[in-house]
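Here is a set of short exercises to work through with the model open beside you. Take each task, try it on your own, and then follow the solution step by step.

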Amino acid sequence: MNGKGKHKRSVRWLFALRRYFSFFLLMAFVITCCMVLFLNMMSRTTGLVLSHDYVEKAAKVTFLNVILLSLLCTVVDGIRRRFMVDRPVRKIVKAADQITKGDFSVRIPPLHGLGSMSGFDVIADYFNQMAQELSGTETLRTDFIANVSHELKTPLAVIQNYGTMLQQPDLPEEKRLEYAKCITNASRRLADLITNILKLNKLENQQIYPKVEPYDLGEQLCECLLAFENAWEEKDLEIETDVEDDVQVDADAELLSLVWNNLFSNAVKFTQPHGKVTLSLKTEGEFAVVQVTDTGCGIPPEVGAHIFEKFYQGDTSHAAQGNGLGLALVKRVIDIVGGDISVSSEVGKGSTFTVKIRRKRDGEV
């Protein structure tokens, strides 16, 4: 530290010396020019011829004044820099050092209180904005890692436990099949989780670019719904559809299929046996409006405000059935295609998800 301090002091003195010589040369040039002009004008006006001794004495006095004025300007400039430059720079450097150490809570207070923002105040303002964004990103990253770790542990623990029980000697065939089925389901959940994480990461990093092409939205909705036929028949659900014909949209069909599959999956999953799931497609002006309604457990208002956040699960009693990424994927896809999604729900009566997408009007190219 001593060597470092000596080096800093040496650098500071070198800068001070350089500033002094800069002021000295500037003062010498300005004062010399002024003196030459003054003496020249005085000799022309009065006709007097200055003696050599007088000129020599005047030159010495002028040179001394140049030295003193240069020293005075250097001192004044040093004081100015100490309070107007060095102090703000030290604050910014200290804050930047805290940022590099992972402390994103640091903020730089206003550096000048004179009412007008200086260049350093502008830098501090942008620095604070950067620190705030980094703090939010770090919080999201920490939460994401914690949630992923938790979600990975659950199916892995199931696989490990049932795998251990399968090793029991003289295990009945019925139990063996039951345990094997549990391991298969946990493996499927684990694979779905990893797939959703990869998809969401690509969407958030804009690594998936929509392939926009016109297609019949009603036909796609019906195809996606039919894919869950086994699931709704197993629970004996009533399926009601009200799909308007020939509703064309310009969008990425593969991306939107993620939306419909997630919405239908949740509707079937959270609806009790003998319940009802309704699909509706209508046109409202320039929009195609899709509604997926179920008679499931419903969503409380405080949960609905966070339902599209990653890993947020409103119904903790059904947490084992999902991983909290489906609706985050839905929201991100809807944002990419320029649509809108909302949810209305009543606890104990069910939920309705409404998606609005700009449709292709007749005659549009």
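**Exercise 1. Find the surroundings of Thr 354.**
Which residues does Thr 354 contact, leaving aside its neighbours within four places in sequence?

*Solution.*
Step 1. With those neighbours set aside, Thr 354 is in contact with Val 289, Val 290, Gln 291, Asp 340, Ile 341 and Ser 342. Keep in mind as you look that this is a predicted model.
Step 2. Place the residue in its element: Thr 354 is part of strand 7, which spans residues 350-358.
Step 3. Decide on burial. The cut-off for buried is under 20% relative accessible area, and Thr 354 has 13% relative accessibility, so this residue counts as buried.
Step 4. Look at the side chain of Thr 354, which is joined to the side chain of Gln 291 by a polar contact of 3.2 Å.

**Exercise 2. Describe the protein as a whole.**
How many helices and strands does the protein have, and what percentage of its residues is buried?

*Solution.*
Step 1. The secondary structure consists of nine helices and seven strands.
Step 2. Of the 365 residues in the protein, 29% are buried.
Step 3. Turn to the surface: the accessible area is about 23500 Å², and carbon and sulfur atoms hold 58% of it.
Step 4. Now the contacts. Among those with a separation of 6 or more, 72% link residues 24 or more positions apart.

**Exercise 3. Map the largest nonpolar core.**
Which elements supply at least two residues each to the largest nonpolar core, and which gives the most?

*Solution.*
Step 1. Start from a general expectation: in soluble globular proteins, nonpolar side chains tend to be buried together.
Step 2. The largest nonpolar core here has 37 residues, and Leu 217, Leu 256, Trp 260 and Phe 264 have the most contacts inside it.
Step 3. At least two residues come from each of helix 5, strand 3, helix 7 (253-269), strand 4 (276-284), strand 5 (287-294), helix 9 (326-336) and strand 7 (350-358).
Step 4. Helix 7 gives the most, with nine residues.
Step 5. There is also a second, separate core of nine residues, including Ile 92, Ile 99, Ala 124 and Ala 131.

**Exercise 4. Work out how helix 5 is placed.**
Which residues of helix 5 are buried, and where do they lie around its axis?

*Solution.*
Step 1. Helix 5 covers residues 217-226, and its buried residues are Leu 217, Gly 218, Gln 220, Leu 221, Cys 224 and Leu 225.
Step 2. These residues span an arc of only 160 degrees around the axis, so they sit on the same side of helix 5.
Step 3. Take Leu 217. Not counting residues up to four places away in sequence, Leu 217 touches Val 247, Val 249, Trp 260, Leu 281, Ala 288 and Val 290.
Step 4. Take Gln 220 next, which is buried because its relative accessible area is 9%. A polar contact of 3.0 Å connects the side chains of Gln 220 and Trp 260.
Step 5. With the same sequence neighbours left out, Gln 220 touches Tyr 215, Ala 253, Leu 256, Ser 257 and Trp 260.
Step 6. Finish at the start of the helix, where a side-chain oxygen of Asp 216 comes within 3.0 Å of the backbone nitrogen of Gly 218.

**Exercise 5. Examine three salt bridges.**
What are the partners of Asp 335, Asp 97 and Lys 349 in salt bridges?

*Solution.*
Step 1. Recall that side chains of opposite charge can pair when their charged atoms come close. The structure holds eight salt bridges.
Step 2. Asp 335 pairs with Lys 331, with the closest N and O atoms 3.0 Å apart. The two are four residues apart in helix 9, and therefore about one helical turn separates them. Asp 335 is partly exposed at 37% relative accessibility, and Lys 331 is partly exposed at 28%.
Step 3. Asp 97 pairs with Lys 101, the closest N and O atoms lying 3.2 Å apart. Asp 97 is partly exposed at 36%, whereas Lys 101 is exposed at 66%.
Step 4. Lys 349 pairs with Glu 346, and here the closest N and O atoms are 3.5 Å apart. Lys 349 is exposed at 57%, while Glu 346 is partly exposed at 43%.

Key. Residues are numbered from 1 along each chain as its sequence is written. This is a predicted model: local features need pLDDT of at least 70, side-chain atom pairs count only at pLDDT 80 or more; totals for chains, interfaces and linings use all residues. Side-chain values use heavy atoms; hydrogens and water are left out. Buried means under 20% relative accessible area, exposed over 50%, partly exposed in between (1.4 Å probe, protein chains only). The arc is that of the directions from the helix axis to the C-beta atoms. A polar contact is a pair of N or O atoms within 3.5 Å; within protein, one must be able to donate a hydrogen and the other to accept it, and residues adjacent in sequence count only if both atoms are side-chain atoms. Contact means heavy atoms within 4.5 Å. Accessible areas come from the Shrake-Rupley method with a 1.4 Å probe; for residues, only the protein chains shown count as cover. A nonpolar core is a set of buried Ala, Val, Leu, Ile, Met, Phe, Trp, Tyr and Cys residues joined through side-chain atoms within 4.5 Å. A salt bridge is a side-chain nitrogen of Lys or Arg within 4 Å of a carboxyl oxygen of Asp or Glu.
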